[in-house]
Every structure is written in structure tokens, then in C-alpha cells.
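Subject: Structure handover

Hi,

As promised, here is the structure we talked about. Have a look first, and then read on for my notes on what turned up in it.

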Amino acid sequence: MGLVTAILLTGAVAAALSFVWALHDANEILDGSLQDTADMIATGQMAIPREPAQLAGSEPENDVLVLPLGAPGVAPPTGMATAAAGLPPGLHTLSWQGQGWRVLVTSAGSQRIAIAQRTQERDEIAQHSAIRTLTPLLLLIPVLVLLVREVVRRTLHPVAALARHVDSNPMVAAARLPQADVPVEIAPFLDSIQRLLNELTESLEQQRRFVANAAHELRSPMAALHLQAINLDPVVSEEGRERLEQLRSGIDRMRRLLEQLLAMARSEADNEGLSSVSLGQVAHEVIAELVLSAGAKGIDLGMDRDDGQAWVSGTHLLLHTLIRNAVENAVKYSPPECMVTVSVYREGNQAVVTVDDGGPGIPASLAAHVFEAFYRIPGTSEAGSGLGLAIVAAIAKRLGGRAALRPRDNGLGMRFEYRQVLATPPR
């Protein structure tokens with residue numbers, strides 16, 4: 001857009017200058033024709049008329065007049081000749097009877113003459129000449145704009161292809177930019193971007209491995225602590241049981257956090273071993289796993305719709321983790337006697353999973369943050385790590401899907417929605 005604007009501005013300035021110069025040149029040519037007429041009279045090729053007369057052979061509309069001004073010291077005839085008689089030799093512009101005239105005053109032998117032409121006709125001739133000069137340039141500017149736009153589009157087509165590659169692939173795959181025949185001017189920049197992406201990918205991989213290893217190493221000690229807390233139950237006093245229960249609750253939260261950290265690390269791993277997975281089948285498995293815990297809270301958890309056509313590319317583990325975290329989140333924040341409903345269906349070229357809950361909802365100003373790691377809505381009383389929806393977002397990014405959370409159409413509770421491009425079911 002900036003290049004097109006620059007071309008248009010440059011073309012406008014060039015057109016204006018071209019018009020002014022063409023107008024100036026046309027006026028000089030017309031002044032030259034007046035001088036040529038004077039030379040013809042001076043050399044005797046044309047007689048000096050006794051009275052103001054139109055130049056023989058000139059077009060009537062041009063009104064080229066020859067005005068005898070008489071000998072020096074002799075009064076000229078009346079009319080325009082009287083107005084021109086007081087002018088010194090040379091070219092002048094004067095007004096007579098409400099009209100402008102271009103007048104050349106000169107001498108022919110012992111007599112002075114004036115050769116005049118209306119400025120209106122001169123201006124029309126000059127403008128027509130200037131417009132004829134300007135027309136090719138005005139036609140060239142839009143052609144040049146279209147030509148430059150097409151050249152730029154074709155030149156930058158490889159860059160647009162690289163952008164589509166980055167947008168349509170998960171992070172690790174997107175960081176491996178394919179070879180592209182890019183313009184030599186931006187090739188060094190592209191090489192720098194590739195090096196930066198490689199370093200960033202390696203740094204993130206190291207971070208992922210650290211989190212996974214740390215969480216894995218902590219699982220055994222936490223399991224041992226959990227067993228010891230259970231073994232302490234028969235030997236502690238009634239007074240100590242309350243404190244023991246608090247300890248066991250803290251251990252359980254820590255174990256859940258470690259499981260979430262491991263799930264987060266798995267969700268950010270490289271894309272290998274993907275296959276076609278039925279979202280409906282995964283959703284049924286998740287409901288079967290959570291229906292008892294939801295029922296213990298007084299929540300009716302069930303499947304509302306499954307058309308059996310929602311197949312996507314992924315792994316069973318990743319998609320199971322995604323749907324389970326979404327359903328657990330809905331159950332956690334829904335009050336007793338509410339319904340949590342899961343739907344799986346095909347819509348166009350996308351597979352869709354929705355989870356409707358009856359919770360208190362989320363303020364619109366905070367909705368963009370719920371997929372951030374360790375973020376929790378201020379004032380939330382429910383226990384949690386703030387990683388559930390962050391893991392969902394990481395898995396969605398890896399698989400090329402899109403997760404969103406928004407208020408339900410009826411205004412009661414929230415709707416979680418996950419969309420991913422359909423994959424071909426296995427044969």
C-alpha cells in the first residue's frame with residue numbers, strides 16, 4: 001500500500017510538472033509564431049496593412065492581427081493600435097475592450113507594427129497541447145501501479161507461503177521453515193529468523209524436558225508420602241486426625257499438580273505418531289471416568305449429542321487429556337444440582353466438541369486469561385493449580401485446533417468449545 005501511494009504521489013507531481021512545462025513550451029511556440037510574422041513583414045514577404053487586419057491565412061478563431069502603429073512621432077490609428085502604440089518593442093500582454101491580448105511590438109523599416117493574438121485562444125491552444133502531452137502519463141500511472149503490485153505479489157509469494165506454513169502448523173513443525181526461493185534482499189533476514197526459531201525451539205524443549213523430569217522424579221516421593229499418611233491414620237489420636245486430613249489433602253493437591261505438569265510437558269512434545277482419533281469415543285470414555293465424581297457433587301454429567309463423524313488428527317492421550325480437563329473444569333465450577341453436557345459433532349470441515357456447564361461464568365475482561373498457565377480467576381474458592389485450561393490451549397496449539405470459552409446463549413453458565421479440522425476416519 002505504501003509503494004502504491006508513493007507511485008501515485010510521484011505520478012501526480014510528475015503530471016503537474018509535465019503539464020506546466022508543456023503549457024510553457026506551447027506559449028513559447030505561439031510567441032515564436034508572432035515573431036515569425038514580424039520577420040516576414042520585415043523582409044518584405046508580407047505587406048503592412050493600412051488598417052488593423054487579420055493575418056492572411058490565419059484561422060479566424062485564432063485572431064492573429066497585424067496593427068500598423070505608424071512612424072515614430074506619428075499618431076497611430078484609433079482603437080487597439082492606440083493602446084499598443086505606447087508599448088516598447090518586445091512581447092507584452094494587455095487588456096482591450098475586456099479581452100486579453102498578447103502583443104509583439106516591433107519595427108518594419110521606418111514604421112512600427114504590432115502583431116496581436118487573443119490570450120483566450122492562445123490559452124486554449126496551449127492547454128490542448130499540454131493535455132495531449134499529459135494524457136500518456138496519466139494512462140501510464142494506473143498501469144504502472146497494477147504492474148508494480150503484480151511484481152511485488154509474485155516476488156513476495158514465497159514469503160506468503162512461509163507465513164501460511166507457520167500459521168497452519170504446530171510450534172515445533174512451524175519452526176522448521178521449508179526452503180523457499182525468496183528475494184535475495186530478504187534472504188539474510190530469513191536466515192536470521194530461522195536461527196532464532198531453532199534457538200527458541202531448543203530452549204523450549206529444554207524447559208519441557210526439565211519440567212517433565214522434575215515432575216516425574218517427584219511422583220515417587222509424593223506417592224510414598226501419600227502411603228505414609230494413610231498408614232498413620234490408625235495410630236493418631238482424634239485430635240491429630242484433623243491435622244492428618246489437612247496433610248493428606250495437601251499431598252493430594254501436590255500429586256494432582258505433578259500430574260498436570262506431566263500432562264503439560266506431554267502436550268508440548270514433538271508431533272510424532274499422529275493418527276485419526278474419534279472425538280466421540282474419547283468423550284464417552286471421559287464421561288465414564290468422571291460421572292461418579294460428578295454425581296457425588298450432585299451434578300448430572302452426560303452426553304447430549306454424538307454424530308459419530310468427528311474424527312481428527314492427533315493422539316488418543318492428548319485428546320483424552322484435552323476433553324477431560326475441559327469436563328473437569330466444568331464440573332469443578334458448577335454448583336450442585338446443575339447439568340454438565342458434552343456434545344460432539346461435525347460442522348462443515350471441522351470437528352466440534354462443546355462442554356456446557358451451569359457455573360457462575362467469567363467476566364468478559366478476564367476471559368482472555370483463563371488459558372494462561374497458573375492463572376486463576378480472582379476470588380475463586382475452588383482448589384486448583386490453574387493449569388487445566390492452559391494444558392488444553394497447549395494441546396490445541398500442537399494439534400492445530402482452537403479452544404475457546406464463552407458465555408452460553410441462555411446466559412446461564414459457560415460453554416467450552418474446541419474445533420479442529422476433520423481427518424479421514426481409519427478404514
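Let me start with strand S5, residues 111-118, which is mostly covered: seven of its eight residues are buried. One thing to keep in mind for everything below is that this is a predicted model.

The partner of S5 is strand S4 (residues 99-108), and the two pair in the antiparallel sense over eight bridges. If you want to find the register on screen, look for Trp101, whose bridge partner in S5 is Arg118. Val103 is another handy marker, as it stands opposite Ala116 in S5. S4 is mostly covered as well, with seven of its 10 residues buried. Two residues sit between the strands in the hairpin of S4 and S5, and in that hairpin Gly109 has a positive phi near 70°.

S4 also pairs with strand S3 (residues 90-96), again antiparallel, this time over seven bridges. Here Gly90 has Val105 of S4 as its bridge partner. The hairpin of S3 and S4 has two residues between the strands too, and in this one Gln97 takes a positive phi near 55°.

Now for the other sheet I looked at. In what order do its five strands come? They run S7-S9-S10-S12-S11, and they form an open sheet with mixed pairing. The edges are strand S7 (300-306) and strand S11 (402-407), each of which pairs on one side only. From one strand to the next, the twist averages 15°.

Going through the pairs:

- S7 and strand S9 (residues 339-347) run parallel and are joined by six bridges. Gly302 has Thr341 in S9 as its bridge partner.
- S10 and S12 run antiparallel, with seven bridges between them. Gln350 finds its bridge partner in S12, at Val421.
- S11 and S12 are antiparallel too, joined by six bridges. In this pair, Arg402 stands opposite Arg419 of S12.

As for burial, S12 is mostly covered, with six of its eight residues buried. There is also a helix packed on this sheet: H8 (residues 279-296) touches S7, S9 and strand S10 (350-356), and its direction makes about 165° with that of S7.

Two residues around S9 caught my eye. Arg346 lies in the strand itself. Is it buried or exposed? Neither label fits, because its relative accessibility of 42% makes Arg346 partly exposed. Apart from neighbours within four places in sequence, Arg346 is in contact with Asp307, Gln309 and Leu422. Asp306 is 40 residues away from Arg346 in sequence, and the C-alpha to C-alpha distance between the two is 8.9 Å.

The other one is Glu337, in the loop between H9 and S9. Glu337 has a positive phi of about 65° although it is not a glycine. With a relative accessibility of 71%, Glu337 counts as exposed.

I also checked for empty space inside. Rolling a probe the size of a water molecule over the atoms shows where such space is left. How many cavities of 30 Å³ or more does a search of the whole structure find? The search finds one, and its volume is about 40 Å³. Its lining is made up of Ala326, Asn329, Ala330, Val355, Asp357, Leu389, Leu405, Arg415 and Phe416. Helix H9 (316-333) and strand S12 (414-421) are the elements that give two or more residues to that lining. H9 has the largest share, with three residues. Sorted by class, the lining has six nonpolar, one polar and two charged residues.

Last, some numbers for the whole chain. The secondary structure comes to 10 helices and 12 strands. Of the 427 residues in the chain, 35% are buried. Among contacts with a separation of 6 or more, 62% are between residues 24 or more positions apart.

That's it from me. Over to you!

Cheers

Technical notes
Residues are numbered from 1 along each chain as its sequence is written. This is a predicted model: local features need pLDDT of at least 70, side-chain atom pairs count only at pLDDT 80 or more; totals for chains, interfaces and linings use all residues. Side-chain values use heavy atoms; hydrogens and water are left out. On a 1 Å grid over the protein atoms alone, a cavity is a set of points where a 1.4 Å probe fits but cannot get out, and a pocket is an open set with protein on both sides within 12 Å along at least five of seven lines; lining residues have an atom within 4 Å of a point. Grid points are joined across faces, edges and corners, and a volume is the space filled by probe spheres set on the points. Helices (H or I, at least four residues) and strands (E, at least two) are DSSP runs, numbered from the N terminus. Ala, Val, Leu, Ile, Met, Phe, Trp, Tyr, Cys and Pro count as nonpolar, Asp, Glu, Lys and Arg as charged, and the others, Gly among them, as polar. Two strands pair if DSSP finds at least two bridges between them. Axes are lines fitted to C-alpha atoms, for helices over the stretch in contact, and angles run from 0 to 180 degrees between N-to-C directions. Contact means heavy atoms within 4.5 Å. Buried means under 20% relative accessible area, exposed over 50%, partly exposed in between (1.4 Å probe, protein chains only).
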